[in-house]
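Hi everyone, thanks for coming. I'd like to walk you through one protein today, starting with the overall picture and then moving to a few residues. Have a look at it first.

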Amino acid sequence: MNDLIEQLNACLPQTQCTLCGYPDCKSYATALATQETDDLSLCVPGAERAVHSLCATLNQSTEPHLSNLQYKDPVDLYIDPNQCIGCMKCVQACPTDAIIGLPKRLHAIIESECTGCERCIPKCPVDCIHTRSSEHNSTSALYRRASYHQDRYEQHQHRIQAQQQQFMRSHQAAKAGFDTNSAQDSLSARKKRIEAALKRNTSKSKPHHDPSH
């Protein structure tokens with residue numbers, strides 16, 4: 001099964017665009033391998049090439065899949081420097097880490113790393129990411145860079161996972177410190193209450209001097 005998934009994934013252009021309805025290219029390949037879907041026409045950027053490759057791998061006819069294809073013109077993306085507010089949302093959304101920038105600083109898209117997936121566009125709160133027609137991300141160009149972009153996506157996933165794990169460790173450490181401090185505070189409070197009670201008892205047990213004697 002894993003071998004089939006890898007073979008099907010290799011048929012795709014690795015844009016991770018989610019236009020197929022799956023989170024990434026490998027998820028679509030997995031859905032095909034497990035027969036969750038039998039639609040071989042879902043890869044929009046891969047177009048006819050994806051259909052032919054998938055059909056050959058699964059030993060299926062290209063019809064009706066070719067007839068069901070949807071098409072999308074290849075585009076490059078760019079950020080309007082006069083509108084960008086440096087919110088980092090596009091940086092976090094890019095599956096190939098093709099966007100660079102620091103918080104509250106101007107961001108920029110590295111054209112050579114961008115697959116034109118457009119996942120960053122809906123994340124931008126000020127609509128400063130725009131598209132322009134370009135053959136840089138044509139189907140043939142995407143397939144030439146597919147292996148490279150797959151590697152970048154896997155690196156992106158590892159980085160995100162490492163950040164999440166670091167956040168969880170920091171959160172757990174902070175929580176453990178809070179719990180320890182709370183326990184210590186609670187113990188200290190109990191000790192103070194006990195000491196106060198002992199003082200009251202000691203005071204009550206002392207003999208009182210009667211001034212009439």
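So, in what order do the elements of the protein run from the N terminus on? It goes α-α-α-β-α-β-β-β-α-α. Tally that up and you get six helices and four strands. Before we go on, please keep in mind that this is a predicted model.

Now let's talk about the overall form. What radius of gyration does the protein have? It's 31 Å, whereas a compact globule of 213 residues would be near 17 Å. The spans of the C-alpha trace along the principal axes go with that: about 120 × 50 × 25 Å.

What about inside and outside? Of the 213 residues, 34% are buried. The protein exposes about 13500 Å², and carbon and sulfur atoms supply 52% of that area. As for contacts, take the ones with a separation of 6 or more: 60% of them are between residues 24 or more positions apart. And the charges? There are 23 positive and 23 negative ones, and their mean positions are 20 Å apart.

Okay, let's zoom in, beginning with α1, which covers residues 2-9. Which residues are buried there? They are I5, L8 and N9. Looking down the axis of α1, you'd see these buried residues fall within an arc of 100°, so they line one face of the helix. If you're new to helices, here's the background: an α-helix has 3.6 residues a turn, so residues three or four places apart point the same way.

Next, the loop between α1 and α2 (25-33), where we find Q16. Q16 has a positive phi of about 55°, and it is not a glycine. Why bring that up? Because most residues other than glycine have a negative phi. Is Q16 buried or exposed? Buried: its relative accessible area is 1%.

D24 sits in that loop between α1 and α2 too. D24 is buried, with a relative accessible area of 12%; the cut-off for buried is under 20%, so D24 counts. Leaving out residues up to four places away in sequence, which ones does D24 touch? Q16, which we just met, and Y153. G86, on the other hand, is 62 residues from D24 in sequence and 26 Å from it in space, C-alpha to C-alpha.

Let's move on to the loop between α3 (47-58) and β1 (75-79), the home of P64. A cis peptide bond joins E63 and P64, with an omega of about 10°. For comparison, most peptide bonds are trans.

That loop between α3 and β1 also holds N59. Like Q16, which has a positive phi of about 55°, N59 has a positive phi of about 55° without being a glycine. Is N59 buried or exposed? This one is exposed, with a relative accessible area of 73%. Put that beside Q16, which is buried at 1%.

Last stop: S140, in helix α5, residues 139-144. S140 counts as partly exposed, at 37% relative accessibility. How far apart are the C-alpha atoms of S140 and T37? They are separated by 26 Å, with their positions 103 residues apart along the chain.

That's my tour, so over to you for questions.

Definitions and conventions. Residues numbered from 1 in each chain as written. Predicted model: local features only at pLDDT ≥ 70, side-chain atom pairs only at ≥ 80, totals over all residues. Heavy atoms only, no water. Helix = DSSP H or I, 4+ residues; strand = E, 2+ residues; numbered from the N terminus. Rg over C-alpha atoms; globule rule 2.2 N^0.38 Å. Buried < 20%, exposed > 50% of the residue type's maximum accessible area, 1.4 Å probe, protein only. Contact = heavy atoms within 4.5 Å. Areas by Shrake-Rupley, 256 points an atom, 1.4 Å probe, with all protein chains shown as cover. Lys, Arg positive; Asp, Glu negative; His and termini not counted. Charge placed at Lys NZ, Arg CZ, Asp CG, Glu CD. Arc of directions from axis to C-beta.
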